[in-house]
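Welcome! Take a moment to turn the model around before reading on, and keep the sequence beside you as you go.

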Amino acid sequence: MKKLEQQGLTIENEMIEFANLGDEVAVTALDHLVVLTKAKMTALDMVKTIATLAEVTQNLLATLAKNCGTCEDCGHCEEMDTENIKLPNYMLEVAGIPKDTKLIAFAEEDSGIVRVEQAEYDHDIADIPEDIRELLSNYGICMGELDALLVKGEFLHG
């Protein structure tokens with residue numbers, strides 16, 4: 001990453017030619033992704049680009065599935081909390097907790113008391129948008145294992 005910051009990103013002409021991008025290239029920067037495409041595309045160019053993006057998506061899904069396994073009524077997927085806990089900013093400030101910190105809650109049995117505190121991890125299944133969770137689940141990925149991988153924050157690729 002430091003090398004990219006110092007020198008910028010260089011795309012060799014051979015790579016652009018191999019990708020069949022033509023003379024004018026459009027660069028689209030998205031969250032976790034930079035995409036180079038033809039600046040001017042026909043309908044067929046768009047379809048081929050969509051097919052290529054679908055292939056990349058399938059490869060990423062396969063990597064997730066390999067690491068998470070499939071969910072076959074494993075039991076720990078049913079009771080997962082898929083919503084982030086939110087508290088007013090003034091409460092977080094009084095508690096000395098930064099605004100965007102992941103929170104977890106613990107209930108004291110039969111006491112009417114719920115304790116909320118800063119989590120020791122940055123991400124869990126609640127950070128995945130519902131439509132993407134549904135896509136991953138439909139693909140057969142075990143949501144409980146995905147949640148565990150999110151909490152661990154380990155690299156799965158590269």
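**A hairpin to start with**

β1 and β2 form a hairpin in which two residues sit between the strands, and H32 in the turn has a positive phi of about 70°. Please keep in mind that this is a predicted model. The protein chain has six helices and four strands in its secondary structure, and the points below take you through some of them.

**More on the β1–β2 hairpin**

- The two strands, β1 and β2, run antiparallel to each other and pair over six bridges.
- For one pair you can look up in the model, find A26, which stands opposite T37 in β2.
- Is β1 well covered or hardly covered? β1 is hardly covered, as the count of buried residues among its six residues is zero.
- H32 belongs to the loop between β1 and β2 (33–38), and its phi is positive, about 70°, although H32 is not a glycine.
- H32 counts as exposed, with a relative accessibility of 79%.

**The chain as a whole**

- Reading from the N terminus, you meet the elements in the order α-α-β-β-α-α-β-β-α-α.
- Why is the protein chain described as more spread out than a compact globule? Its radius of gyration is 21 Å, whereas the globule rule gives 15 Å for 158 residues; the value is well over the rule, so the protein chain is more spread out than a compact globule.
- Along the principal axes, the C-alpha atoms of the protein chain fill a box of roughly 70 × 40 × 30 Å.
- Of the 158 residues in the protein chain, 19% are buried.
- The protein chain exposes about 12,800 Å², and carbon and sulfur atoms supply 53% of that area.
- Among the contacts in the protein chain with a separation of 6 or more, 43% come from residues 24 or more positions apart.
- The protein chain carries 12 positive and 31 negative charges, and the mean positions of these two groups are 8 Å apart.

**The β3–β4 hairpin**

- Strand β3 covers residues 103–108 and strand β4 covers residues 113–118; they pair in the antiparallel sense over six bridges.
- How many residues lie between β3 and β4 in their hairpin? There are four residues between them, and D110 in the turn has a positive phi of about 55°.
- Two bridges are worth finding for yourself: I104 has E117 in β4 as its bridge partner, and A105 has V116 in β4 as its partner.

**A loop residue: N20**

- You will find N20 in the loop between α2 (13–18) and β1 (25–30).
- N20 is not a glycine, yet its phi is positive, at about 60°.
- Is N20 buried or exposed? N20 is exposed, with a relative accessible area of 54%.

**Helix α3 and L61**

- L61 is a residue of helix α3, and at 7% relative accessibility it counts as buried.
- Which residues does L61 touch, leaving aside those up to four places away in sequence? L61 touches L136, Y139 and I141.
- To get a feeling for distances, compare L61 with D100: they are 39 residues apart in sequence, and their C-alpha atoms are 28 Å apart in space.

**Helix α6 and what follows**

- Helix α6 spans residues 143–152, and its buried residues are M143, G144, L146, D147 and L149.
- What covers these buried residues of α6? The cover includes α3 (43–68) and α5 (130–138).
- G153 follows α6 and has a positive phi, near 70°.
- G153 lies in the segment after α6 and counts as exposed, at 52% relative accessibility.
- G153 and Y121 are 32 residues apart along the chain, and their C-alpha atoms are separated by 8.2 Å.

**To try on screen**

- Place the two hairpins side by side and look at their turns: the β1–β2 hairpin has two residues between its strands, while the β3–β4 hairpin has four.
- Then look at two residues with different surroundings: L61 in its buried place and H32 in its exposed one.
- Finally, go back to helix α6 and pick out α3 and α5, which are among the elements covering its buried residues.

Key
Residues numbered from 1 in each chain as written. Predicted model: local features only at pLDDT ≥ 70, side-chain atom pairs only at ≥ 80, totals over all residues. Heavy atoms only, no water. Rg over C-alpha atoms; globule rule 2.2 N^0.38 Å. Buried < 20%, exposed > 50% of the residue type's maximum accessible area, 1.4 Å probe, protein only. Contact = heavy atoms within 4.5 Å. Areas by Shrake-Rupley, 256 points an atom, 1.4 Å probe, with all protein chains shown as cover. Lys, Arg positive; Asp, Glu negative; His and termini not counted. Charge placed at Lys NZ, Arg CZ, Asp CG, Glu CD. Pairing = 2+ DSSP bridges.
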